[in-house]
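Visitor: I am new to this structure and should like to learn how its features are read. May we take them one at a time?

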Amino acid sequence: MTGQFKKMVLVVLDGLRPDAITREAMPNLHGIARSGWQAADALTVRPSVTVAALSSRATGVSPAVHGFTSPASAPVGRITSLRPLPLELRRLGVETTVLIPQLGGAARWLAAALLRLGGVGRLVTAEPSPAQLMDAAVHQLAGSPNRELMVLYLNDADVAGHAWGWMSAPYLQAVAALDRALGQLVPFAQEPDTLLIPTADHGGGGVLAQDHDHPPPVNDRIPLILAGGRVMPGLVTDEPVRLLDIPPTVLNCFGGSAPAAYEGRAIHEAFMTELVWA
């Protein structure tokens with residue numbers, strides 16, 4: 001096969017609203033978006049909560065199918081009946097690395113066990129600051145010659161939103177700190193063999209200033225950006241785009257195809273050439 005990506009970085013910015021990505025508040029991410037492709041109106045899943053969205057991104061199916069809607073009621077055994085994205089990637093010779101803030105002993109053990117069941121090859125934890133997490137991500141990208149999907153999870157915007165309210169001054173300060181860390185990824189946005197996918201799991205502040213689990217669009221809208229040397233530059237699409245479109249797109253970019261059970265579609269129009277490999 002020719003034309004496949006070698007590295008992919010899926011950056012999950014928990015609780016980041018699309019309207020926070022401005023030239024003033026997030027110059028680095030704003031620049032990455034301007035240099036690549038972005039959806040004008042991307043939507044998450046329902047319920048618009050983190051565990052449901054992360055599980056849909058990992059399995060390609062909606063919460064009604066995978067059943068992960070809260071940490072307390074997660075049907076762990078159901079993982080084996082699904083087609084998790086990391087397992088599908090492993091069949092293509094692509095390993096998955098997940099980077100998250102440091103967890104306590106029991107929480108780390110549970111997270112590692114769930115990720116192993118889903119096919120994740122490596123779990124990396126770092127100090128819970130955006131800069132240190134990004135340092136760990138860049139070190140991993142530079143240190144591994146293998147084909148790899150890296151999932152980088154940063155929750156600073158969500159923490160600030162729940163504490164002080166979405167789009168409040170402390171929220172925008174947290175967003176600015178995230179953006180400073182994201183500056184380390186700017187060079188990768190031009191690499192022909194690397195694809196960056198900055199996105200979020202949900203918005204927030206639609207009904208209650210400090211919550212996001214309600215139906216209004218401001219809670220459901222998420223940023224979805226694709227950037228890299230083969231992405232259509234400066235394109236903003238008004239076509240319907242969903243969080244569930246991310247897993248098929250990742251598989252296609254590594255030279256595979258999505259299982260029939262996956263509910264999304266590959267975002268072919270974001271690329272200069274079709275995601276069909278010779």
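Guide: Let us begin with a definition: helices and strands are DSSP runs, numbered from the N terminus. The model before us is predicted. Its chain has 10 helices and 11 strands.

Visitor: Where does G121 lie with respect to these elements?

Guide: G121 lies in a loop, between helix α5 (105-117) and strand β5 (122-126). Leaving aside residues up to four places away in sequence, G121 touches R90, E95 and T96.

Visitor: Is G121 buried, partly exposed or exposed?

Guide: Buried means under 20% relative accessible area, and exposed means over 50%. G121 has a relative accessible area of 47%, so this residue counts as partly exposed. Across the chain of 278 residues, 51% count as buried.

Visitor: How should I read a salt bridge, and how many does the structure hold?

Guide: Side chains of opposite charge can pair when their charged atoms come close. The structure holds 10 salt bridges. Two of the residues that G121 touches, R90 and E95, form such a pair, with their closest N and O atoms 3.7 Å apart. E95 is partly exposed at 32% relative accessible area, and R90 is likewise partly exposed at 38%.

Visitor: Which residue meets E148 in a salt bridge?

Guide: The side chain of E148 meets that of R122, at 3.5 Å from N to O. This pair links distant parts of the chain: E148 is in strand β6 (residues 148-154) and R122 in strand β5, 26 residues apart. E148 counts as buried because its relative accessibility is 2%, under the limit of 20%. R122, at 37%, counts as partly exposed. The two also belong to a network of salt bridges that links K7, R122 and E148.

Visitor: How far apart are G121 and E148 in sequence and in space?

Guide: They are 27 residues apart in sequence, and their C-alpha atoms are 9.9 Å apart in space. As for contacts in the chain between residues at least 6 apart in sequence, 73% join residues at least 24 apart.

Visitor: What does the salt bridge of D19 look like?

Guide: The side chain of D19 meets that of R17, with 2.7 Å from N to O. D19 is partly exposed, at 40% relative accessibility, whereas R17 is buried, at 11%.

Visitor: What should I look for on the surface?

Guide: One feature is a nonpolar patch, formed here by M232, L235 and M272, with about 240 Å² of accessible area together. Of these residues, L235 is placed in strand β10 (residues 235-237) and is partly exposed, with a relative accessible area of 31%. The chain as a whole exposes about 11,600 Å², of which carbon and sulfur atoms supply 58%.

Visitor: How much space lies in the second largest pocket, and which residues are the closest to its centre?

Guide: A pocket can be read by its volume and by the residues that line it. The second largest pocket holds about 200 Å³ of space. It is lined by 16 residues, and P18, I21, Q38, A39 and P223 are the closest to its centre. The elements that give two or more residues to this lining are α1 (27-35), β2 (37-39) and β8 (221-222).

Visitor: Which element gives the most to that lining?

Guide: Helix α1 gives the most, with three residues.

Notes: Residues are numbered from 1 along each chain as its sequence is written. This is a predicted model: local features need pLDDT of at least 70, side-chain atom pairs count only at pLDDT 80 or more; totals for chains, interfaces and linings use all residues. Side-chain values use heavy atoms; hydrogens and water are left out. Helices (H or I, at least four residues) and strands (E, at least two) are DSSP runs, numbered from the N terminus. Buried means under 20% relative accessible area, exposed over 50%, partly exposed in between (1.4 Å probe, protein chains only). Contact means heavy atoms within 4.5 Å. Patches are made of residues with over 30% relative accessible area and no salt bridge: like charges are joined within 9 Å, nonpolar side chains (Val, Leu, Ile, Met, Phe, Trp, Tyr) within 5 Å. Accessible areas come from the Shrake-Rupley method with a 1.4 Å probe; for residues, only the protein chains shown count as cover. A salt bridge is a side-chain nitrogen of Lys or Arg within 4 Å of a carboxyl oxygen of Asp or Glu. On a 1 Å grid over the protein atoms alone, a cavity is a set of points where a 1.4 Å probe fits but cannot get out, and a pocket is an open set with protein on both sides within 12 Å along at least five of seven lines; lining residues have an atom within 4 Å of a point. Grid points are joined across faces, edges and corners, and a volume is the space filled by probe spheres set on the points.
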